[in-house]
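User: I'd like to go through this model and hear how each label was earned. Here's what we're looking at.

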Amino acid sequence: METTKLQNIAQALVARSKGILAADESDRTIKKRFDGIGVESTIDNRRSYREMLFTTPGIEAFLSGVILFDETFRQSSQAGIPFYKLLADKGILPGIKVDKGTVPLPDSPDETITAGLDGLSERLAEYYNLGAKFAKWRAVITIKDDKLPTLAALEANADIMAQYASFCQGAGVVPIVEPEVLLDGNHSLERCAAVSEATLAALFSKLQEHKVYLPGILLKTSMVLPGKEFGDKAAPEKIAAATLSCFRKVIPNDLPGIVFLSGGQGPVEATANLQAINSAGQGVPWQLSYSFARALQGEALEAWKGQAANLPRAQKIFYHRAQCVSAARDGQYSPAMENSL
Ligand code: 5MM
């Protein structure tokens with residue numbers, strides 16, 4: 001294992017002012033996003049949409065990496081440049097989603113485990129040769145009353161993520177491990193904090209058991225938030241305090257960085273919460289950055305609507321959101337920036 005190389009990539013992904021764009025929506029997920037704007041999810045529409053994002057002028061100031069779906073990894077710009085190369089030429093590290101989605105857990109069918117370990121080392125070798133520097137694997141954790149998640153689901157997902165991480169490091173690829181605690185439900189912030197702590201404790205225990213080199217991985221995780229149906233939203237300062245308190249209890253110091261998913265929060269909400277986390281998190285041992293999909297893309301997707309004529313406006317909107325999120329990652333965002341579009 002080339003530990004120095006892995007560590008350098010992990011650190012580059014969480015460099016100051018930069019974060020990761022998650023553009024790795026599977027066919028099912030991107031269809032859902034396109035349905036929302038009335039655009040058919042064809043191969044070429046998906047290609048044009050991703051090209052709009054990746055060719056946004058100046059976007060490299062805010063993006064250290066982009067996570068791609070297999071189809072996108074094999075696609076090219078209209079000018080015939082493979083997307084992984086187009087990104088690398090801008091100094092943006094190309095990454096790849098390697099999980100194969102979720103399947104019900106046999107013992108607890110309302111919960112899932114993530115598939116994709118079969119053939120993983122062969123797939124990683126191919127992506128590595130094409131220039132992938134990092135990979136991503138998502139596990140989904142559901143909160144339901146005091147019944148879910150079960151310890152069995154947490155441990156099974158943690159064990160699979162640790163195996164995935166170990167395969168990645170053996171292939172020279174930095175693994176991002178993403179246990180997403182879903183926002184769905186009416187649970188309180190305190191319940192989310194307890195579940196997040198149990199999830200991360202199980203994950204780091206399995207990573208250690210599988211001898212994963214922590215300076216050469218990144219954690220992608222949810223902020224600690226009350227469920228969508230809980231009622232009142234929590235203030236950013238409260239979310240920041242709960243999130244950091246959870247991390248301090250269970251995350252080892254030698255992890256280089258934590259990148260947040262947005263999980264269905266609105267773009268301004270996710271930006272404000274990231275700002276509060278960075279503002280309260282000065283002095284923590286990890287970089288606190290972003291790997292948003294919806295919060296970075298949502299406004300640009302709405303503006304694009306599948307029309308080439310909307311491209312300049314969509315790119316301007318995407319640039320502005322990335323600029324705000326980058327400022328939040330540095331603890332320098334203020335709501336006034338929302339008016340600077
Ligand atoms: C949770 O989803 C990840 C982050 O996205 P948000 O910021 O919108 O929450 C995202 O990287 C996700 O893993 C990919 O979009 C792939 O998801 P699917 O469901 O297509 O595997």
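Analyst: Let's start with proline 149, which sits in the loop between strand 6 and helix 7; helices (H or I, at least four residues) and strands (E, at least two) are DSSP runs, numbered from the N terminus. This is a predicted model, where local features need pLDDT of at least 70 and side-chain atom pairs count only at pLDDT 80 or more, while totals for chains, interfaces and linings use all residues. Residues are numbered from 1 along each chain as its sequence is written, and side-chain values use heavy atoms, with hydrogens and water left out.

User: How do you know that the peptide bond between leucine 148 and proline 149 is cis?

Analyst: Look at omega, which is about 5 degrees for this bond. Most peptide bonds are trans. The loop between strand 6 and helix 7 also holds aspartate 145.

User: What sign does phi have at aspartate 145?

Analyst: Positive, at about 45 degrees, although aspartate 145 is not a glycine.

User: On to the sheet. What is the order of its strands?

Analyst: Eight strands line up as 1-2-3-6-7-8-9-10 in an open sheet with parallel pairing.

User: Why do strand 1 and strand 10 count as edges?

Analyst: Strand 1 (19–23) and strand 10 (287–290) each have a single partner strand, so one side of each has no neighbour in the sheet. The twist from one strand to the next averages 25 degrees.

User: How do you know that strand 1 and strand 2 really pair?

Analyst: Pairing takes at least two bridges found by DSSP, and strand 1 shares five with strand 2 (residues 63–68), in the parallel sense. So they qualify as a pair. For a concrete example, alanine 22 has isoleucine 67 of strand 2 as its bridge partner.

User: Which strands does helix 7 touch when it packs on the sheet?

Analyst: Helix 7 (residues 151–170) touches strand 6 (134–141) and strand 7 (174–181), where contact means heavy atoms within 4.5 Å. Its direction makes about 175 degrees with that of strand 6; axes are lines fitted to C-alpha atoms, for helices over the stretch in contact, with angles from 0 to 180 degrees between N-to-C directions. Helix 11 (residues 294–304) packs on the sheet too, touching strands 1, 7 and 10, at about 60 degrees to the direction of strand 1.

User: What makes strand 4 and strand 5 a hairpin?

Analyst: There are two residues between them, and four bridges join strand 4 (residues 102–105) to strand 5 in antiparallel fashion. One of the links pairs threonine 102 with threonine 114 of strand 5.

User: Why is the pair of tyrosine 49 and tryptophan 304 called tilted?

Analyst: Rings of Phe, Tyr and Trp (its six-membered ring) pair if their centres lie within 6.5 Å, with planes under 30 degrees apart called stacked, over 60 edge-to-face and the rest tilted. Here the centres are 5.1 Å apart and the planes stand at 45 degrees, so tilted it is. The structure holds 11 aromatic pairs. Tyrosine 49 belongs to helix 3 (residues 43–54) and tryptophan 304 to helix 11, so this pair ties together parts 255 residues apart in sequence.

User: Which residues lie closest to the centre of the largest pocket?

Analyst: Ser26, Thr29, Arg138, Val140 and Glu180, out of 38 lining residues. The pocket's space is about 1,000 Å³, and helix 2 gives the most to the lining, with four residues. By class, the lining has 10 nonpolar, 10 polar and 18 charged residues.

User: How many cavities of 30 Å³ or more does the search find?

Analyst: Two in the whole structure. The largest cavity has about 80 Å³ of space, with Val181, Leu183, Ser222, Met223 and Leu225 nearest its centre among 13 lining residues.

User: And the second largest cavity: which helix gives the largest share of its lining?

Analyst: Helix 8 does, with three residues. This cavity has about 40 Å³ of space, and its lining includes Pro179, Ser196 and Phe247. That lining has four nonpolar, four polar and no charged residues.

Key:
On a 1 Å grid over the protein atoms alone, a cavity is a set of points where a 1.4 Å probe fits but cannot get out, and a pocket is an open set with protein on both sides within 12 Å along at least five of seven lines; lining residues have an atom within 4 Å of a point. Grid points are joined across faces, edges and corners, and a volume is the space filled by probe spheres set on the points. Ala, Val, Leu, Ile, Met, Phe, Trp, Tyr, Cys and Pro count as nonpolar, Asp, Glu, Lys and Arg as charged, and the others, Gly among them, as polar.
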